[in-house]
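I am keeping these notes while I look through one model. I begin with burial and work towards single residues.

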Amino acid sequence: MACGRCGGLVVPHDLAYDGICSATALRCLACGDLTDAVILEHRAHWREPYPEANPKPFDPTSGTGAPLA
Ligand SMILES: [Zn+2]
């Protein structure tokens, strides 16, 4: 399996949270990216935080985005 960030080789990695609970994640041998089911679920539902506070700049080709101040 390949890493979603760098394309490196990922291997199973056991996580021990408190000595009682544990889970298995995937760790990239090249960049160290650690991914488990919870991280994948959050990435699938990620959205731009506070889009009204950081409007996209005006794009003259499409006419979308916030007008220049
Ligand atoms: Zn990687």
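Entry 1, burial. I count a residue as buried if 20 or more other C-beta atoms lie within 10 Å of its own, as exposed if there are 12 or fewer, and as partly exposed in between. The model I am reading is predicted. With that cut-off, 3% of the 69 residues of the protein chain count as buried.

Entry 2, overall dimensions. I looked up the radius of gyration and found 19 Å for the protein chain, whereas a compact globule of 69 residues would have one near 11 Å. Along the principal axes, the C-alpha atoms fill a box of roughly 55 × 25 × 15 Å. I also checked contacts between residues at least 6 apart in sequence: 17% of these join residues at least 24 apart.

Entry 3, elements. I list one helix and three strands for the protein chain. In sequence order the pattern reads β-β-β-α.

Entry 4, the sheet. In what order do the three strands lie in the sheet? I read the order as β1-β2-β3, in an open sheet with antiparallel pairing. The edges are taken by β1 (10-16) and β3 (34-35); each has a single partner strand, so one side of each is left without a neighbour in the sheet.

Entry 5, β1 with β2. How many bridges pair β1 with β2? I find seven, in the antiparallel sense, with β2 covering residues 22-28. I noted three of the facing pairs. V11 has R27 as its bridge partner in β2. P12 has L26 as its bridge partner. A16 stands opposite S22. The hairpin of β1 and β2 has five residues between the strands, and G19 there takes a positive phi near 85 degrees.

Entry 6, β2 with β3. Here I find two bridges, and the strands again run antiparallel. R27 has L34 as its bridge partner in β3. This hairpin also has five residues between its strands, and G32 in the turn has a positive phi of about 85 degrees.

Entry 7, R27. I came back to R27, which sits in strand β2, because it has a bridge partner in β1, namely V11, and another in β3, namely L34. Is R27 buried, exposed or partly exposed? I find 19 other C-beta atoms within 10 Å of R27. Buried needs 20 or more, so R27 is partly exposed. Leaving aside neighbours within four places in sequence, R27 is in contact with V10, V11, H13, G32 and L34. I then took the distance from R27 to K56, 29 residues along the chain, and got 34 Å between their C-alpha atoms.

Entry 8, S62. Where does S62 lie? I place S62 in the segment after α1 (37-44). S62 has 7 C-beta neighbours inside 10 Å, so S62 counts as exposed. From S62 to H42 is 20 residues in sequence and 31 Å in space, C-alpha to C-alpha.

Entry 9, recap. I close with two items to keep. The open sheet has the order β1-β2-β3, and the radius of gyration of the protein chain is 19 Å, against near 11 Å for a compact globule of 69 residues.

Technical notes: Residues are numbered from 1 along each chain as its sequence is written. This is a predicted model: local features need pLDDT of at least 70, side-chain atom pairs count only at pLDDT 80 or more; totals for chains, interfaces and linings use all residues. Two strands pair if DSSP finds at least two bridges between them. The radius of gyration is taken over C-alpha atoms; the globule rule is 2.2 Å times the number of residues to the power 0.38. Two residues are in contact if their C-beta atoms, placed from the backbone, lie within 7 Å.
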